[in-house]
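Good morning, everyone, and thank you for making time for this. Please look at the sequence and the model on the screen while I talk.

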Amino acid sequence: MSATAPAVSAASASASVSTHVLDTATGRPAEGVTVELSARSGSDGPWTAFGTSVTDADGRCRGLPPPPQGTTHVRLRFDVGPYAARGNAGREAFFPEVAVAFAVAPGEHHHVPLLLSPFGYSVYRGS
């Protein structure tokens, strides 16, 4: 008889989060956007920052930490001002940052991309 590791239930596993940023004005990934991940437990709890990452040449954030166990909401804050200024000959961005808060479920993966343009943005839950 061999010993096996106990199964981890979805109820006890923490959520995971990923994102990427696409510049819809250029049709290209947005490289060099800093993204901060914050989390909270409960709908009115305080936000706590847990880490940052920077989008790579493919527009993906590969270094975001997982939210801690017990997290019910995650906020991604995209610092798009510096990226926009590089593409707009140094002009100030209309939206210098984009903050997106969403509910998370234990054991599920949440992919939330940002589609960025000079005067608007869109987000959605991806796969």
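Before I name any pairs, let me say that two strands count as paired if DSSP finds at least two bridges between them, and that helices (H or I, at least four residues) and strands (E, at least two) are DSSP runs, numbered from the N terminus. This is a predicted model, in which local features need pLDDT of at least 70 and side-chain atom pairs count only at pLDDT 80 or more, while totals for chains, interfaces and linings use all residues. Residues are numbered from 1 along each chain as its sequence is written, and side-chain values use heavy atoms, with hydrogens and water left out.

As for confidence, pLDDT is the predictor's own confidence in each residue, from 0 to 100; its mean over the protein is 88, and 88% of the residues reach 70 or more. Over residues 1-12, however, the pLDDT is below 50, and where pLDDT is low, the predicted coordinates should not be read in detail.

Let me begin with the open sheet, which four strands form in the order 3-2-9-10, with mixed pairing. Its edge strands are strand 3 (28-29) and strand 10 (120-123), each of which pairs on one side only. Strand 2 (residues 21-23) pairs with strand 3 in the antiparallel sense over two bridges, and there Leu 22 stands opposite Pro 29.

Now to another pair: strand 6 (residues 73-79) and strand 7 run antiparallel and are joined by six bridges, with His 73 having Ala 103 of strand 7 as its bridge partner. Along strand 7 (residues 98-103) the side chains alternate, so to speak, between two faces: Val 98, Val 100 and Phe 102 point to one and are buried (under 20% relative accessible area, with exposed over 50% and partly exposed in between, using a 1.4 Å probe and protein chains only), whereas Ala 99, Ala 101 and Ala 103 point to the other and are not buried.

Phe 102 also appears in the largest nonpolar core, which has 21 residues, as one of those with the most contacts inside it, and Val 80 is another. Such a core is a set of buried Ala, Val, Leu, Ile, Met, Phe, Trp, Tyr and Cys residues joined through side-chain atoms within 4.5 Å. Strands 4 (34-40), 6, 7 and 9 (114-117) each give two or more residues to this core.

Finally, is Phe 50, in strand 5 (residues 48-54), buried or partly exposed? At 38% relative accessibility, Phe 50 counts as partly exposed.

Notes:
Contact = heavy atoms within 4.5 Å.
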